Amino acid sequence: LPPALLEKVFQYIDLHQDEFVQTLKEWVAIESDSVQPVPRFRQELFRMMTVAADTLQRLGAHVTSVDMGSQQLPDGQSLPIPPVILAELGNDPTKGTVCFYGHLDVQPADQGDGWLMDPYVLTEVDGKLYGRGATDNKGPVLAWINAVSAFRALEQDLPVNIKFIIEGMEEAGSVALEELVEKEKNRFFSGVDYIVISDNLWISQRKPAITYGTRGNSYFTVEVKCRDQDFHSGTFGGILHEPMADLVALLGSLVDSSGHILVPGIYDEVAPLTEEEINTYKAIHLDLEEYRNSSRVEKFLFDTKEEILMHLWRYPSLSIHGIEGAFDEPGAKTVIPGQVIGKFSIRLVPHMNVSVVEKQVTRHLEDVFSKRNSSNKMVVSMTLGLHPWIANINDTQYLAAKRAIRTVFGTEPDMIRDGSTIPITKMFQEIVHKSVVLIPLGAVDDGEHSQNEKINRWNYIEGTKLFAAFFLEMAQLH
Ligand SMILES: NCCCC(=O)N[C@@H](Cc1c[nH]cn1)C(=O)O
Ligand SMILES: [Zn+2]
Ligand SMILES: [Zn+2]
């Protein structure tokens, strides 16, 4: 490493940290909510993408804003999809090319839902920068941009060629992104050597991490229908096969009280556990008491760190999410819902296969339903099938990320997986065939998707340094 250059870059970042926080404040102020399909938020999303494109252009990037067409909503409405930004800085064939993926849309946020401040006004309290999108994902996207700007401001050549793919529909399922990645496979992505994503969190409050795997997800609906209108339970109760009773039995057949999934065959393809793998969980620093207390959960299903980590990362889990058509308001209405839709999903792990899982679940539910001799109609659908992802931690960029973490934080990173799903990760691996690494910047208690989301100033600024050090390490190792 050239320590003098790195020292200068770190100094620049420290000196300009208030400017970096100010830019984050300006970006958080844009209400780029992609989840609520209303024109006002779409306009905000377009504004967000324009602001980001202008920022990249000012850094000297060649920027293309790709028109993504429009989104058809189930109610017949059509809304425009914000453009995806493809940006390129440098094309020196002697250097490696690193592509950064991020998103600038956010989850919905309303002060009335329990925020201590206006979610769209970045507010600093005790070194914590509160605001919607602060950690997911505006802060990390800006950290990467800040790192580039430090080299630019110091009139230093970028150590690697850098590309950006930045979208505005991630929280709504990355609408139309897969088609774009497919289309750009042999153009924008052809010169890319490595892909970096920073869209998840550490497993600790202070110890950095590198993520090398995520679970997938199969999302199911199971509809049970008698008729398309509700019944009075005084008039019909006792003579009907009630849809809700069928549905509760179906949902109750999926998982037992110890979290074991009851769908036959579901564990057949789960990768066998080796001694070597168990040791990787032992090496991770996780204070279970702190984790439990900060989650405000009295007791988890498992008592040891290793079991908890394995059941979050390397075993499937089944969660029941909700029932459409259920009477869920307060009060004591004597209704029999005529038609209900249960929703549940299974987090998938290597080497489970989405279409095999779809068949296993459908067969199981049909079996349980047929034993009830119900006259109702049942329809099972898998509405989403996202594959699990796992990377080779010996790839060059894992080594570069480790070295950069040592330089900035003076510690070894936790090598972690993530129990949630980042669909783009698998898409990049399968379509673009490039090595992908997740380098999270945020702490475990950042509260992504929750009220009072935040990023610590320390994480944001040290994260900016981490990316700068990563560029130099990549240049050395490529
Ligand atoms: N820490 C990153 C979390 C990203 C995230 O929340 N992804 C969603 C994606 C998804 C899966 N099924 C439907 N959407 C998640 O729930 O994992
Ligand atoms: Zn995100
Ligand atoms: Zn998110």
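Here's a quick briefing on a zinc site and the annotated residues around it.

The model is predicted. UniProt, in an unreviewed entry, puts the feature "binding site" at Asp-136, Glu-171 and His-449. Those positions span 314 residues in sequence, yet no two of their C-alpha atoms are more than 9.7 Å apart, so they gather at one spot. Asp-136 also takes part in holding zinc, as a bridge between the zinc ion (ligand 2) and the zinc ion (ligand 3).

**The zinc ions**

- The zinc ion (ligand 2) gets its donors from His-103 (NE2), Asp-136 (OD) and Asp-199, which supplies OD twice, at 2.0 to 2.6 Å.
- Walk along the chain and those donors follow the spacing H-x32-D-x62-D.
- Two of them, His-103 and Asp-136, link distant parts of the chain: His-103 sits in strand β5 (residues 97-103) and Asp-136 in helix α4 (residues 134-153), 33 residues apart.
- Don't look for a neat geometry here: the four donor atoms around the zinc ion (ligand 2) subtend angles of 55 to 146°, so the arrangement counts as irregular.
- For reference, ideal angles for four tetrahedral donors are 109.5 degrees.
- The two zinc ions bridged by Asp-136, ligand 2 and ligand 3, lie 3.2 Å apart.

**Buried or not**

- His-103 is buried, because its relative accessibility is 0%.
- Asp-136 is buried too, with 4% relative accessibility.
- Glu-171 also counts as buried, at a relative accessible area of 13%.
- His-449 is partly exposed, with 42% relative accessibility.

**Glu-171 and its neighbours**

- You'll find Glu-171 in the loop between β8 (161-167) and α5 (177-184).
- Leaving aside residues up to four places away in sequence, Glu-171 touches Ser-34, Val-35, His-103, Asp-105, Val-106, Gln-107, Asp-136 and His-449.
- That list takes in the zinc donors His-103 and Asp-136, along with His-449, which shares the UniProt annotation.
- The side chains of Glu-171 and Gln-107 make a polar contact of 2.9 Å.

**His-449 and its neighbours**

- His-449 is on a loop as well, between β19 (435-438) and β20 (454-456).
- With residues up to four places away in sequence left out, His-449 touches Gln-107, Arg-132, Asp-136 and Glu-171.
- Its side chain reaches that of Asp-136 through a polar contact of 3.1 Å.
- Gln-107 turns up among the contacts of both Glu-171 and His-449.

Notes
Residues are numbered from 1 along each chain as its sequence is written. Chains are lettered from A and ligands numbered from 1 in the order in which they are written. This is a predicted model: local features need pLDDT of at least 70, side-chain atom pairs count only at pLDDT 80 or more; totals for chains, interfaces and linings use all residues. Side-chain values use heavy atoms; hydrogens and water are left out. UniProt positions are given in the numbering used here, feature names are shortened, and annotations may be inferred rather than shown by experiment. Helices (H or I, at least four residues) and strands (E, at least two) are DSSP runs, numbered from the N terminus. Buried means under 20% relative accessible area, exposed over 50%, partly exposed in between (1.4 Å probe, protein chains only). Contact means heavy atoms within 4.5 Å. A polar contact is a pair of N or O atoms within 3.5 Å; within protein, one must be able to donate a hydrogen and the other to accept it, and residues adjacent in sequence count only if both atoms are side-chain atoms. Donors are N, O and S atoms within 2.8 Å of the metal (3.2 Å for Na, K and Ca); water is not among the atoms, so sites may look incomplete. Four donors count as tetrahedral if all angles lie between 85 and 135 degrees; four count as square planar and six as octahedral if opposite donors are over 155 degrees apart and all others between 65 and 115; anything else is irregular.
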